[in-house]
Amino acid sequence: MSIMDSILEILQQTLSVEDKFVSLHEPNFSGNEWLYVRECIDTGWVSSVGKFVDRFERDLAEFTGAKYAIGVVNGTAALHISYLLAGVVAGDEVLVPTLTFVGTVNPIAYIGAIPHFIDAEEHSLGLDPQVLDKYLNEITRREGGVCVNKRTGRPIRALCVMHTLGHPVDIDLIDEICKKYHIILIEDAAEALGSYYKNVHVGHRGLMGALSFNGNKIITTGGGGAILTNNDELAKRAKHLTTTAKHPHQWLFEHDQVGYNYRLPNINAALGCAQLEQLPQFLDAKRLLTKQYQNAFEKVKGIRFITEPEYAKSNYWLNALLLDESNVSYRDSLLESLGKHNIMTRPLWNLQHTLPMYKDCPRMPITVAENLQKRLIKIPSSSQLVKRKNKHTVVCE
Ligand SMILES: *Cc1c(COP(=O)(O)O)cnc(C)c1O
């Protein structure tokens, strides 16, 4: 059997679907969503103030173990505020993986700062600590406590890691490197709600971290995001900046700086509260689906099923297959043919350093990310796709 036929057969046998189109990741609304959203509409509390947005922030902080969670309109806004509060200013450089969604990078440009692209590694699909250390050693110098790019003369203020498809990067090692070079660590954990690095939830190891609740993420608020931090002062400033920098007052409109209208609306947070209640079940279902995929795909030659790094427990937001180098030429016909069978699969994002607006930005030699981009295929991973009662499938440990 060809690789193509093997993959199709496994997807059809693993997924609980009947002739309907299967997306990569669909929202699962099976809890209190209607109840909470109706309450917002019935009471009129639909906008930037209300009990659900406060509760959602508390629930998120409790779930992730972060001291604070600040609800915002989307993950990109969460990153924008994180970069601002990390002290990134126009003319700074910010290190980011080239293998990421454009939402990691755009907020750097909003500030007038310059993204500086880093290669990936095959193990976690994220940043490679060894390569990063060597690169920084080569291209930077220290100037009054600031890390400066010797080639451009610009400060390298921050580094944003991204936990790709939910798989955590080796954050211990990356944090160590950031400290060594005086670079502020930020985490784009948009894809990684429910992912753990050495038993600690990701997203608040750095100074600040960002979550996303877009419709394709593991839980959704329609659109939405959150900033995570353990820093009291930054949490206060994040809330202030995301609520138009208005001082709380019964009737006065006192704004003391240029703020942002980034507050997560209560009606979106209502959805979020209902979704968060179900997150543990979603995670169990997704890990079960992954186990079933893994057992089946292990037997197929010419591909590797992506699994979590050994230091991590991943949310397996999106499962993925990595084609062997020799099978790269099949990628596009694979995507097309599975689509014809009503199964959605997708390649990774175009690498950020190849996009027209970022093509002239500084970068290290990019080889691994280019290779991964050609070989990786994301496959359907929604929690409701798992077949639970089939005796022939292996039960998750
Ligand atoms: C989803 C996502 C974001 C944020 O997306 P929003 O649509 O703005 O919520 C940022 N980075 C990555 C890697 C993402 O996957």
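Strand β8 (residues 196-197) pairs with β13 in the antiparallel sense over two bridges. Strands here are DSSP runs of E with at least two residues, helices are runs of H or I with at least four, and both are numbered from the N terminus. Two strands count as paired if DSSP finds at least two bridges between them. The model is predicted: local features need pLDDT of at least 70, side-chain atom pairs count only at pLDDT 80 or more, and totals for chains, interfaces and linings use all residues. Residues are numbered from 1 along each chain as its sequence is written, and side-chain values use heavy atoms, without hydrogens and water.

**Two open sheets**

Within the β8 and β13 pair, Tyr196 stands opposite Lys313 in β13. Both strands belong to an open sheet of three, in the order β9-β8-β13, with antiparallel pairing. Its edge strands are β9 (200-201) and β13 (312-313), and each pairs on one side only.

Another open sheet has three strands in the order β12-β14-β15, again with antiparallel pairing. β12 (303-305) and β15 (376-379) have a single partner strand each, so one side of each is left without a neighbour in the sheet. On average, neighbouring strands of this sheet are turned by 25° against each other, direction ignored.

**Around β15**

β14 (residues 319-323) and β15 pair in the antiparallel sense over four bridges. Ala320 faces Lys378 across this pair. Leu322 stands opposite Leu376. Leu376 and Lys378 point one way from β15, Ile377 and Ile379 the other way, and all are buried (under 20% relative accessible area with a 1.4 Å probe, protein chains only).

Two helices lie across β14 and β15. Contact means heavy atoms within 4.5 Å. Axes are lines fitted to C-alpha atoms, for helices over the stretch in contact, and angles run from 0 to 180 degrees between N-to-C directions.

| Helix | Residues | Angle to β15 |
|---|---|---|
| α10 | 331-340 | about 15° |
| α11 | 368-375 | about 50° |

**The cavity**

A search of the whole structure finds one cavity of 30 Å³ or more. A cavity is a set of points on a 1 Å grid over the protein atoms alone where a 1.4 Å probe fits but cannot get out; lining residues have an atom within 4 Å of a point. The largest cavity holds about 30 Å³ of space, a volume filled by probe spheres set on the points. Its lining includes His25, Glu26, Phe282 and Gln384. The lining residues divide into three nonpolar, five polar and one charged.

Conventions: 1 Å grid on protein atoms, 1.4 Å probe; cavity = no way out; pocket = protein on both sides within 12 Å on 5 of 7 lines; lining within 4 Å. Nonpolar A, V, L, I, M, F, W, Y, C, P; charged D, E, K, R; others polar. Buried < 20%, exposed > 50% of the residue type's maximum accessible area, 1.4 Å probe, protein only.
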